[in-house]
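Okay, thanks for coming, everyone. Let me put the model up on the screen, and then I'll walk you through a few spots in it.

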Amino acid sequence: MKQTRLALWSLFTFLISPQAYSAQYRIVELPVAELGNSTFPTAINNTGDIAVNLQLQYNPYIDTSLIDFNSAIVMSNLINIDGVRGGDLEGTDYLWLYSYITGNAESLLFQQIANINSYIDNGSSSEPVHGFDTFDNFTKEYNNSAAVTVRSINNSGSLAGVSQDGFYDLTYFSDDGLSTTYIVNDFYSRAFAEVDGKTTELAPPETTAGGLSEAFDININNQVVGFGTTELMTDAFKTSVDNCLGEKTCLRSYSQQLNANVGSIAQKRGIIWQLDDNGNLTDTFPLGMLITPSSTDTNIYNSKAVAINDNGIAVGESPAFYLNTTSLTTAAAIYIDDQVTTINQDEEVFASTATDINNNNLMVGTITKRVAGITRQKFFVHDVDANITLYPDDFFPGSSSTALSINNENMVVGYAEYEASVSTTRRTEGFIYDYRNDLFLGLNSLIECNSSYSIVQANAINDSNEIAATALVNAPVKNIQGEIIYDELGATTEVNQVVAVKLIPIEGGSVDNCNVSSGVQERQGASISWLLILGFFGLGFKGFIRLR
């Protein structure tokens, strides 16, 4: 077993290093964790800057001018309605109003509050990324109306991600002089890049009702990859949008419809956007697929690119036919110029997807296959140049594992199930895999035994082997203003909370001997709120709980 070999190797390192530290990684909780509840890292560059997405930001601004204080539901739920009307928000009323507004997030009559905020964290401070959010010239602040998700930061500090369009007020007056204020924007969401502080829209080829696009990665040459709408497959939708005649509330409704039903309205294809050194968009390249639909094929196919290396090779996923059959599946896609290829797959592999590629042209991702009669995901490493695919061992044969990132030292990180139980839920642990030496280990065995953190996902790794990871830690519950909640006896309630952390290698460090006979370190805290679990799935967190 590769785990055994690595454990012996680590023990040998420990024995010959009498002055070694008692761990190989130290944990740094990122400052952005103080700004809200639940933080999720997505990328790390070679200077150690980490892209972090935050859910439930503290102290959200509430625009009370948009509240209908004559509404029965408002009057029956606010404790101090007169105080709130005057702008005095207390804890209970503050939380209720926030829940009331965000519960009507798709309504044109309600204030829009971003449910995801993005930051770049350097370990000592955090800078917000505003995407397409609107700027208030009166308050000199951003309105926090647009959800922004940053997915990549390159070694020059350029960013790529997706953002809603910023919202603004639009007031209509009826013939009898009554006014109605609508909250609208000009498109639902769109890919963006930020180069040298300049934010650039990365529009899709098809922009009816605003279209949809998302960006996942940016390389050192300012090539950005993602996907976007490329062709409408229903004339009725375009006719309906045209009939809006530019009316903003009408267009907003159809952009919502496109977002909710794009799978039945439009084709989506992987895209490479090229920017110049000043952040200006110069070219847009829709990518091909592993299949070539006929001119009469009316089916809707979706492909995407999620990573691109500095050699210009992009990877992602594409529709494909399973082996030599006519059964449609999803396969990892390698995009080189106009060619699209995939990894080596045998009959046991039903589907695959790529997640990252390094400058050595090594690509990582996951496959779906049957293991002992159960469908599992397993991570792979594919050498594009040699056309060789490796399926490394992970925690145990029935473990599901996902690779998320590979650096230029050929170190892979991701997450995998570490419990070989037959229960309906299995907890996950972040892992690191050394491709050159074929060595695999869970990250919780590389941090100190008494750590209060449990590493549940390793999201990204840079060339110094610093890791951006997602951890669980017991911490006091806070209110919407970020203040610790105390009961009448002055006690707090602690729950497992999700935090973004940086794992920094310890020079001369070695594996800590935790004296756990099972070989798996148990971390403190077993409970987690349903709010946080929902947050995982809302932000694309794909590993804490997996159904058997």
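Let's start with A305, which is buried because its relative accessibility is 0%; buried here means under 20% relative accessible area, exposed means over 50%, and partly exposed is in between, with a 1.4 Å probe and protein chains only. Before I go on: this is a predicted model, where local features need pLDDT of at least 70, side-chain atom pairs count only at pLDDT 80 or more, and totals for chains, interfaces and linings use all residues. Residues are numbered from 1 along each chain as its sequence is written, and side-chain values use heavy atoms, with hydrogens and water left out.

Back to A305, then. It sits in strand β18, residues 304-308. When I say helix or strand, I mean a DSSP run, H or I of at least four residues for helices and E of at least two for strands, numbered from the N terminus. What does A305 touch, if we skip residues up to four places away in sequence? The list is F216, V225, G226, G270, L287, A314, V315, G316 and Y335, with contact meaning heavy atoms within 4.5 Å. And A332, 27 residues apart from A305 along the chain, has its C-alpha atom 9.7 Å from that of A305.

Now let me zoom out for a second. The protein has 548 residues, and 52% of them count as buried. Its secondary structure comes to seven helices and 34 strands. Of the contacts with a separation of 6 or more, 58% are between residues 24 or more positions apart.

On to the sheets. One is an open sheet of four strands, in the order β14-β15-β16-β17, with antiparallel pairing; two strands pair if DSSP finds at least two bridges between them. β14 (213-218) and β17 (281-286) are the edge strands, pairing on one side only. From one strand to the next, the twist averages 30 degrees. In the middle of that order, β15 (residues 223-232) and β16 (residues 266-275) share nine bridges in the antiparallel sense. If you want one pair to look up, T229 has K268 in β16 as its bridge partner.

There's another open sheet, again of four strands, running β2-β3-β4-β5 with antiparallel pairing. Its edges are β2 and β5 (126-129), and each has a single partner strand, so one side of each has no neighbour in the sheet. Neighbouring strands are turned by 30 degrees against each other on average, ignoring direction. β2 and β3 pair over five bridges, antiparallel, and F40 is partnered with N53 of β3.

Next, a hairpin. β8 and β9 form it, with five residues between them, and G157 in the turn has a positive phi of about 90 degrees. β8 (residues 148-153) is mostly covered, with five of its six residues buried. Five antiparallel bridges join β8 to β9 (residues 159-164), and V150 stands opposite G161 of β9.

Speaking of phi: most residues other than glycine have a negative phi. So which residues go the other way here? S38 does, with a phi near 85 degrees, and so does N59, at about 55 degrees. S38 is in the loop between β1 (25-29) and β2 (39-44), while N59 is in the loop between β3 (50-55) and α2 (72-77). Are they buried or exposed? S38 counts as buried because its relative accessibility is 3%, whereas N59 is at 45% and counts as partly exposed.

Last stop, a pair of helices. α5 (residues 235-242) and α6 (residues 248-261) pack at about 155 degrees, with their axes 9 Å apart; axes are lines fitted to C-alpha atoms, for helices over the stretch in contact, and angles run from 0 to 180 degrees between N-to-C directions. That makes α5 roughly antiparallel to α6, a label for angles over 145 degrees. Who makes the contact? On α5 it's F237, S240 and V241, and on α6 it's L251, Y254, Q257 and L258. By type, the contact residues are five nonpolar, two polar and no charged; Ala, Val, Leu, Ile, Met, Phe, Trp, Tyr, Cys and Pro count as nonpolar, Asp, Glu, Lys and Arg as charged, and the others, Gly among them, as polar.

Notes:
Angles under 35 degrees count as roughly parallel, over 145 as roughly antiparallel, 65 to 115 as roughly perpendicular and the rest as oblique.
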